Amino acid sequence: RRIMAGGSFLANFDYMDDGDGESVTEVGGVTDALYNPHVGEFYTLSQSHVKAWSANTGSVFKVLSDISRSEITACCLAENGRKLFLGDSAGRVAAHSVHNGALLSEFEPHAKDISCLEVWPGTNKIFSASWDGALKLQIDDRARKPYTKAEFNHHKDGVTCLACSAPLMLLATGGTDTQVCIYDLKSLKLEHSLARMQHVISSLDFLEKRCLLAVADLGGFVSLWRTRPHPDRWQQVYHFSNLPSMGDASLRLTLDRGPAVALHALKFEPQVGRESEQLRLFTADAKGGLRCWDLSRLCERRGIVEVNLAQLFKSKHGMASPRPAVGADIAAAAEEGAAGADAGEAQAGAMPPDAGDAAATFCTGMDEERAAQEPRQKPIVGSTVRSALRAPAATAASAAAAAGAQEGD
């Protein structure tokens, strides 16, 4: 690029980037990169400026310099591709125009650096998280100043990644405290916590049609978990490690290839408009490796199929409320409870002590903790049933005695 200045003479100035001609995207390092499918553009963010790249030519055609007062630490695009949400090292979150970088709105700030941002699809809401573990749901309303709808502090340390699923009404967050927190977007409360991880969580992604949540960590492991409304929700389905590559990927080597490579990102292949039954998962690791994992055979063996979310939600929440139990109902319930307890003891005695695979063993502690938190219903024993059956008779006898006493008077 060349700039010409004219006065009493003409001067030509050649524009040189910070890299002095180096063939790199950003000399200072790239904080994040985004793709805008609406206009076919890539955006790279570094320090306090944003560069726009053409997807057709691969060249830079726009630079938004000093768009942020502090160093940019997180970013995301609006669903319509017209807004660019930026978070900086001072804890500020702001919305800028993609075309000229103009400041459109500024949200409630965090106390620490912004670690990640995520848009709630189909709404005007945005999630912002910081390195002190705080998570905020903020409303981007045109009619008034943006405000905070809810705030969560369930992480003991910084939040590293976010994943929002509108069909499942769930938000998943991972942190440096090695746990995954899952929130219900309808009630805006903590739904569940996966606290049995061993490494820092680096990336999350939902696959709504199969009720799956994929979790990647810095230890190089990928784990697949069931989510609601599936009956086996919050149970681990499978996990595998990102082992280093040994030459040709077609060679199935069984030699020890060293420790797994840390993962920084993962993403399910979009399933919109696809008729193929193949299920692919993409991962990016710390050594610059980009891999595609075919999960089709795994899904076939484990019975991971596409489900009808509306039907599952209806079967879970559409049950009629039970009527109060009286008289014979209590006795029948007691007999059924006793028979069920005997059958349960017999079945438990027949099961081997080490039943289940490694994936189920991984979740045992979590399931026990969840079971301990759930309220337990007090069993109906024989004395309770006899008291309930005798209560009407005792009440009638008391009434007859009172009537007789009144006639005698």
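**Exercise 1. In which sense do strand 5 and strand 6 pair, and over how many bridges?**

Solution. The model is a predicted one, and the strands named here are those of its first worked sheet. Strand 5, which covers residues 49-54, pairs with strand 6 in the antiparallel sense, and four bridges hold this pairing. Within the pair, Ala-52 has Lys-62 of strand 6 standing opposite. The next step is to place the two strands in their sheet, which is open, has four strands in the order 3-4-5-6, and is paired in the antiparallel sense. Strand 3 (32-36) and strand 6 (60-64) each have a single partner strand, so they stand at the edges and one side of each is left without a neighbour in the sheet. Neighbouring strands of the sheet are turned against each other by 20° on average, with direction ignored.

**Exercise 2. Find the edge strands of the open sheet with the order 11-12-13-14, and describe the pairing of strand 12 with strand 13.**

Solution. Begin with the sheet as a whole: four strands make it up, and their pairing is antiparallel. The edges are taken by strand 11 (114-119) and strand 14 (147-152), because each of these has a single partner strand and so keeps one side without a neighbour in the sheet. From one strand to the next, the twist averages 20°. Turning to the pair in question, strand 12 (residues 125-130) and strand 13 (residues 135-139) run antiparallel and are joined by five bridges. One of the facing positions brings Phe-127 opposite Leu-137 in strand 13.

**Exercise 3. Classify the ring pairs Tyr-35 with Phe-42 and Trp-120 with Phe-127, and state how far each of the four residues is buried or exposed.**

Solution. The structure holds six aromatic pairs. In the pair of Tyr-35 and Phe-42, the centres lie 4.7 Å apart and the planes make an angle of 40°, and the pair is tilted. Tyr-35 counts as partly exposed at 41% relative accessibility, and Phe-42 is likewise partly exposed, with a relative accessible area of 37%. For Trp-120 and Phe-127 the ring centres are 6.0 Å apart, and the planes stand at 20°, so this pair is stacked. Here both partners are buried, Trp-120 at 8% relative accessibility and Phe-127 with a relative accessible area of 1%. Trp-120 has a further contact to record, since Lys-125 lies over the face of its ring, at 5.3 Å from the ring centre. Elsewhere, ring pairs link Tyr-238, Phe-240 and Trp-293 into a cluster.

**Exercise 4. Which residues are linked with Arg-228 in a network of salt bridges?**

Solution. The structure holds nine salt bridges, and those of Arg-228 can be followed one at a time. The side chain of Arg-228 meets that of Asp-184 in a salt bridge of 3.0 Å, N to O. Asp-184 lies in strand 17 (residues 180-184) and Arg-228 in the loop between strand 21 (221-226) and strand 22 (236-241), so the pair ties together parts that are 44 residues apart in sequence. Arg-228 also forms a salt bridge with Glu-191, where the closest N and O atoms are 3.5 Å apart. This second pair again links distant parts of the chain, with Glu-191 in strand 18 (residues 189-194), 37 residues from Arg-228. Asp-184, Glu-191 and Arg-228 are therefore linked in a network of salt bridges, given that a side-chain nitrogen of Arg within 4 Å of a carboxyl oxygen of Asp or Glu makes such a bridge. As for their surroundings, both Asp-184 and Arg-228 are buried, whereas Glu-191 is partly exposed, with a relative accessible area of 28%.

**Exercise 5. Where in the chain do the partners Arg-69 and Glu-106 lie, and are they buried or exposed?**

Solution. The two side chains meet in a salt bridge of 3.1 Å, N to O. Arg-69 belongs to the loop between strand 6 and strand 7 (72-77), and Glu-106 to strand 10 (residues 103-106), so that distant parts of the chain, 37 residues apart, are linked. Arg-69 is exposed, its relative accessible area being 65%, while Glu-106 counts as partly exposed at 31% relative accessibility.

**Exercise 6. How many disulfides does a search of the whole structure find, and why is Cys-116 not bonded to Cys-161?**

Solution. The search finds zero disulfides. Cys-75 is in none, as the nearest cysteine sulfur, that of Cys-76, is 7.2 Å away, and Cys-75 counts as buried at 8% relative accessibility. For Cys-116 the closest cysteine sulfur is in Cys-161, and the 6.7 Å between them is too far for a bond. Cys-116 also counts as buried, at 10% relative accessibility.

Definitions and conventions
Residues are numbered from 1 along each chain as its sequence is written. This is a predicted model: local features need pLDDT of at least 70, side-chain atom pairs count only at pLDDT 80 or more; totals for chains, interfaces and linings use all residues. Side-chain values use heavy atoms; hydrogens and water are left out. A disulfide is a pair of cysteine sulfur atoms within 2.5 Å. Buried means under 20% relative accessible area, exposed over 50%, partly exposed in between (1.4 Å probe, protein chains only). Two strands pair if DSSP finds at least two bridges between them. Axes are lines fitted to C-alpha atoms, for helices over the stretch in contact, and angles run from 0 to 180 degrees between N-to-C directions. Rings of Phe, Tyr and Trp (its six-membered ring) pair if their centres lie within 6.5 Å; planes under 30 degrees apart count as stacked, over 60 as edge-to-face and the rest as tilted. A charge sits over a ring if NZ of Lys or CZ of Arg is within 6 Å of the ring centre and within 35 degrees of the ring normal.
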